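Me: Could you take a close look at a single part of this model, the protein surface that faces the DNA, and describe it in one connected answer?

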4 protein chains.
Amino acid sequence: MSLASASAARPAPPRRTPKGERTAERILDAAEALFAEHGYAGTTLRAVADRVGVRIPSLYNHFASKDALYAAVLERGLAPVIAVLSDTLEPEGLGSRDSGELVERVMAVLAERPELPRLVQHETLTGGQHLTPMLRSWVTPLFARAHDLAMATPATRRWGPEQIPLLVLAFYHVVVGFFTIAPLLHEWVGEDPRDEAVIERQTRFLRQLVETLLPDEPPADA
Amino acid sequence: MSLASASAARPAPPRRTPKGERTAERILDAAEALFAEHGYAGTTLRAVADRVGVRIPSLYNHFASKDALYAAVLERGLAPVIAVLSDTLEPEGLGSRDSGELVERVMAVLAERPELPRLVQHETLTGGQHLTPMLRSWVTPLFARAHDLAMATPATRRWGPEQIPLLVLAFYHVVVGFFTIAPLLHEWVGEDPRDEAVIERQTRFLRQLVETLLPDEPPADA
Amino acid sequence: MSLASASAARPAPPRRTPKGERTAERILDAAEALFAEHGYAGTTLRAVADRVGVRIPSLYNHFASKDALYAAVLERGLAPVIAVLSDTLEPEGLGSRDSGELVERVMAVLAERPELPRLVQHETLTGGQHLTPMLRSWVTPLFARAHDLAMATPATRRWGPEQIPLLVLAFYHVVVGFFTIAPLLHEWVGEDPRDEAVIERQTRFLRQLVETLLPDEPPADA
Amino acid sequence: MSLASASAARPAPPRRTPKGERTAERILDAAEALFAEHGYAGTTLRAVADRVGVRIPSLYNHFASKDALYAAVLERGLAPVIAVLSDTLEPEGLGSRDSGELVERVMAVLAERPELPRLVQHETLTGGQHLTPMLRSWVTPLFARAHDLAMATPATRRWGPEQIPLLVLAFYHVVVGFFTIAPLLHEWVGEDPRDEAVIERQTRFLRQLVETLLPDEPPADA
DNA sequence: GATGAATGAGGATTCATTCAT
DNA sequence: AATGAATGAATCCTCATTCAT
């Protein structure tokens, strides 16, 4: 999956020293956290460097620009989610059983990188310019297939064909929103969504949501 | 802090102190659009001034600082939504009929100010520091009441009491997410969510979501 | 002649306050001296600001960028020389009498702004990108006319038609070179070419050069 | 200071200490071209390294600093010209015949390294600090001798003794200026002064200039 | 109320240089 | 001899803010 830093033009060092590789990784970690919290514009290279424990110019030994760093963060962060999605959607459709499993897997992946959804949300809000290239090649076809398969499930009895995409988007928003609103809930309710119990509760909730909205059996009134 | 025009504002120009008020309003409009698109950090006073057709220092004749301008934008934007929410939730609970109506009203309000959800999303993502004071006095009690009332509806048979808040949040995310993802969809699918037809479709979808998730009648298996 | 700062996009202030105008002028003065001495790359905005007695950001209130400042310096500096050239060349040709007069006038103009030739030399050496637009509209036609007229003088008996441009260029180089090499001569011979006597000597020399190379009368051996 | 290869250098690769020397030479070539085009301040070590196809730190294996590299470039470039000058001026004076020959030889040397005059011009314009030591030991005595000899030729009948240096300088400027203005002419007239025909034309022109300004025979009117 | 001018702080980025490998 | 990594200093430029007009 090594498409890392496609835009990191100049410094793209041919042979990575283990030391350098580790530094680059640490930079990515720091940048991921900061971009997720403050967005692109709100994140300073100074903040990244400080977090890594390095001087600002050193960042440029690993990434050609703030923008390239941002792209690399997105790329690295999105890869596993894409993998899960494409893996799970490969063979079958959106029946409640599989959808439930998909939801569970996605939640598991995101639980390990809870900043990721916020990162994507930031990017989405500001236009998704960096998302588009990645998604055009990955998510768009996935979305299309999800749609096709969903059309072939009993769910269509309840949901019209043109509503299926809305349903998929809705799930997307619920899942992403859960992580997005995390820090606020933490402050308001004192409940940290990075807590395992909280995540499990949300996963259960999502499962029930799937079962209610996309039942395997045709609804009773059919 | 000059809380500008707590009512719906845009279509009906409020009492106009001939000139200044109109300028302040135009500044708020410009700032709202820009903050919604780029967030606080990504929005420049120069950009605001340019959009208004005025020089930067003039902004300071109407708002004490960038921060104050931002607060005013949030305040003005949130007021009508809060009004709808508190109005609708006042007497009764979350039965599907009323919930459907609530969803419809909220969609109607947001359809007139589609940047608002993005504004709130930005703020939420970056910590919601500006949101907290407003919400602590408005939304938090609303939320509590919604919860209480929901507990008294048949929905509880399907959803455990601790799931009700998750359900409410889920609806929040679906509604807000619809507007949030607008520009991307516009670019990817060519579908402008500010389009009336698109909004109506989404509203229908939300209605059906409400009916499915919070049926008036106890579910068939009860 | 106010074509000042054609590329100074943003700040181009509509109404110039006398104070601001004076500041802009002082910036131009400082920049002219520095660009002439160190060239574009070798000149720092810090150096300019220091010389003006102002902070760096203030420069941006008057010129949109280092590049725009540079262009404005060139423009302002070149204008009078262009004026002299086009004025003198207007009616007649390159006969020794008029050419001598032209040389004299040019020397007089340059004597008042001895940094100008160095400025132009720097620009020429580094590609003349900033010169081209100015010269395309001014010098190129002048050059053409000079050529045409020269062709009609007795000089052609001595110089073939294709040599006339070389002759013109040679004069250009001798004149410009005199000022260009000034600081070196000052250091080596202790002779300051900004000295009036030195300039007058050079002017006499140029006059004799003109008379020798472009005699009014056909050369004796013809 | 590693004075590299004082002879004509490029066509005949000097004694090659297998690898390093060749790299040093390639660095000098790249640096010469870049310094000539952009001057000292406008040339970055990155640009040099890129042109050589090597990483920046490698440059430091061959030259102690940017400044040392610059000095080496000047030294290597100037040596052959100095050689020609001192050789030609050795025995005799500035009679038109010998002067013509000198001009021809200088043109020949420069034609092989057309960047050299631009290099020197850059250096001259920015103060000539690096030139001074070289010139003090080479050119200054040459100049003095040229002056002495010139004083003993018939030319003095036309040119006063104090004008001889001006004449020499004028030739210097015409010769150097020809190469200096090359890129501009290339762009404006489409005529590449590195073209053999162009150089020959200029040489012919210079010869005629010499004959006109420094005739062997006393001028007809004497 | 509007704005030209000025500026402290800080933004991303480049540069020449060093050093360990 | 070559180079990845690191960095102090400096680059151009932007930002939010102030103030006199």
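Reply: In sorting residues by type, Ala, Val, Leu, Ile, Met, Phe, Trp, Tyr, Cys and Pro count as nonpolar, Asp, Glu, Lys and Arg as charged, and the others, Gly among them, as polar. This is a predicted model, in which local features need pLDDT of at least 70 and side-chain atom pairs count only at pLDDT 80 or more, while totals for chains, interfaces and linings use all residues. Residues are numbered from 1 along each chain as its sequence is written, chains are lettered from A in the order in which they are written, and side-chain values use heavy atoms, with hydrogens and water left out.

The surface near DNA strand E (near meaning that a heavy atom of the residue lies within 4 Å of the strand) divides into 14 nonpolar, 16 polar and eight charged residues. Of the 38 residues around DNA strand E, those that come nearest are A:Tyr60, B:Asn61, C:Asn61, C:His62 and D:Tyr60. On the DNA side, sugar and phosphate account for 70% of the atoms of strand E that come within 4 Å of the protein.

Several polar contacts, that is, pairs of N or O atoms within 3.5 Å, involve phosphate oxygens of DNA strand E: a polar side-chain atom of B:His62 lies 2.8 Å from one, an N or O atom in the side chain of C:Ser58 is 3.0 Å from a phosphate oxygen, and at D:Leu45 a backbone N or O atom lies 2.9 Å from a phosphate oxygen. Among the helices (DSSP runs of H or I, at least four residues, numbered from the N terminus) that give two or more residues to this surface are α3 (56-59) of chain B, α1 (18-42) of chain C and α2 (45-52) of chain D.

Terms used. Polar contact = N/O pair within 3.5 Å; in protein donor to acceptor, adjacent residues only side chain to side chain.
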